[in-house]
Amino acid sequence: MDLGLIAQYLANGILLGTMYALVAVGFTLFFGVLDVIKFSHGDVLMLGTFIGFTAWLGLEAVGILKPWIQLLGVLLCSLAGTALIGAAIAKWLILPLKKAPQLNTLLITLMLGTAIREAVRLFYPNGSNPKAFPALLPNSSIEIGNFALRADSVILVVSGLALIGLLNLVINRTRLGLAIRAVAQDEETARTMGINYTLVVLATFAIGSGVAAFAGIMNGLYYNEINFGMGLILGLIGFSAAIIGGLGNLYGAILGGFLFAGLQVIGAALLPFASAYKDVFAFSVVIALMAWKPTGLIPERSSDRV
Amino acid sequence: MTNTPLLQSDRARPWACAGAVILAAGLYGWALLMAEETWQVLSLLILAVVATGVAIKTGFVRRVERDWAASETRLNRLAFAVLIALILVLSGAHFALLMISTVLLYFVASLGLNIQFGFTGLVNFAGAAFFGAGAYTAAVLGTMPMIPPILILIAGGMVAMVISLPLLIPIVRTTGHYAAVVTIAFGVLFRTFLEVNEVLGGPQGLMVNSMKVFGWDFYDAPSVGGLDISFYVNYALLAAGLAALVFTLFRRLERSWIGLHMDAVRLDETAAACFGISVKRTKIQAFLLGNLILGVSGALYGMMISFIAPASFTFSDSLLLVSIVLLGGVGNPWGSAVAAVIVVLLPEKLQLLQEYRFLLFSVLVMLVLLFRPEGILSRQLRNFFPDRRSDA
């Protein structure tokens, strides 16, 4: 195997890893503040991408054709819309079930994800077919040997990593982040310290969903195609990534995301006779990792209260 | 509990109300299966809703419940007899029989999930994968003529059980969300594996040979006294037998020590361990037994529909199975039966719903979880002494 091919796999892995990490971060944030898994995350992401796509169609129709302005419009609409949807789900579906067993929240959001997916498939114009997502980024590439570094993937990775860094800053350096961490640590104490619990939860869900929408747009820009089922697999991968990293830990999610992407790439590279098996390989390793480290690579600090 | 069966010797026929309900359900099932037009189906549905409302208002439901507690065995037999009668009455209608068999097999599958989820609290989001494993086993073994069909059914269950063996360690070691991801990952893995695997037909799927008992092909429609009988009668009867068998097993399990252990593990693992129950062993028993049942029902299903493809065993289908359990009421087999009828029959009968069924059922389950978390029929207390009355 020559160097160019390895570099190609590496570049691909980094891009996928960034995308998965962005999705996984949402899962881990939600788990942190509410101890719940919001499984509709992936489908909310898909919905956000479709909102962005619709925004692009709208901008085309109005006659704004500059790609950078279009990109900005798409991102703004998608992120804002998805953030609102995420907060709404938290308010009307997840907070009311707070007293119920944790499993019910998982189940209800699983069903919500199915409902969103089916609603897009049935009610979006021609929703059951894949849509061609516009290539809004420059499509030039630098050739190094037989390795082509695409400019758009560099931009995507850099902006994705920047977003993760920004999120890290928000969580660790701002008052909102302090409130989120306080709620994650102990809800009751946080409340007595005057933190507006509901607002913090809603903000967390808005942030997490917005970040996921960014990953969705990234996916659309890179593959130039979106469909109603993209959220399911991205959500599954993001969930697995958050779990193998260790729930409730931002770094765990990032680690998990890159690990999963790495597994997929290794699977595709080492099994050249059947690169289609790469997901089988990646999920098998996830199951094996769960057997080895039942609470993730960076486990949450907890003790059983009986 | 003041209304224990021991206090009911004053009522002359403690099974009359519930018996009437079973007969009415049989009649209703016949009407629903024979209804062709949308308005007929809709009016039948409205009738069911109104009847249920009236029954709750007038306290009839409580009497039925008491009847059930008093003479469970007899009523179960009556229900089975009504089911067989329904199959025989409909013996000429292919589609109706296919529907009955499908409902029965989904019911059996949901019993398997109920042992895992309802008793032990293990969520299995790969139900369709184990169901599919059974169906694929039937497809592969069906090509070998010397293997008797009953053995194929058992083999289907065995294969489903064997492929769940690698999951045992992660299932036993993890809890809660971490356990959920194991089965979800397995479901996706299984489906992807089937799609990329050339030997098992890839995305196109496989043909499954029909069942042959002593050289008699189940697809040769028997003809009794010149009457035309659908070949689905065989499958419907077989499915009914399987359902009765698994149902009995389920009830026995619930009443046994193993069932008690499973409930204890679900309610509180730590407390169960303190009382000397092996949490690991109980979880393993529940997981393997549930998958065995899923595999057997999948094998029969594969033989019946005679064509299987990976697209029939997706994550959405697993969710549909979980929906049956949740809609019906976790841990209650009769609830699962009702829910299986709703989930399988309704979209087939109301063709305009067919396209929207996943949407419809996901919203339905969300509403159930929000407003009636115990499901349509909630699980009753254990009835350790069915049919035991003070004068008996």
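Colleague: Before we start, where do the domain bounds come from?

Modeller: Quick ground rule, since we're looking at a predicted model. The bounds of the domains come from an automatic or database domain assignment.

Colleague: Fine. Into which domains is chain B divided, and what separates their centres?

Modeller: Domain 1 of chain B covers 1–89, while domain 2 takes in 94–212 + 225–392. Taking the centres over C-alpha atoms, the separation between these domains of chain B is 24 Å.

Colleague: Over to chain A: is helix α11(A) mostly covered or not, and how many of its residues are buried?

Modeller: Helix α11 of chain A runs over residues 278–292 and reaches 21 Å from first C-alpha to last, close to the 21 Å expected. A residue counts as buried if 20 or more other C-beta atoms lie within 10 Å of its own. The buried set in α11(A) includes A:F281, A:V285 and A:L289. So by that cut-off, the helix is mostly covered, and the buried count out of its 15 residues is eleven.

Colleague: Which elements do those buried residues pack against?

Modeller: Within chain A, the buried residues of α11(A) pack against α9 (230–245) and α10 (250–270). From chain B, their partners are α8 (168–173) and α9 (176–196).

Colleague: And which helix gives the most to the side of chain A that touches chain B?

Modeller: Contact involves 38 residues of chain A and 36 of chain B. On the chain A side, α4 (102–123), α9 and α11 each supply at least two residues. That side divides into 29 nonpolar, six polar and three charged residues. With 14 residues, the top contributor is α4(A).

Notes
Residues numbered from 1 in each chain as written. Chains lettered and ligands numbered in written order. Predicted model: local features only at pLDDT ≥ 70, side-chain atom pairs only at ≥ 80, totals over all residues. Helix = DSSP H or I, 4+ residues; strand = E, 2+ residues; numbered from the N terminus. Expected span 1.5 Å × (residues − 1). Buried ≥ 20, exposed ≤ 12 C-beta atoms within 10 Å, placed from the backbone. Contact = placed C-beta atoms within 7 Å. Nonpolar A, V, L, I, M, F, W, Y, C, P; charged D, E, K, R; others polar.
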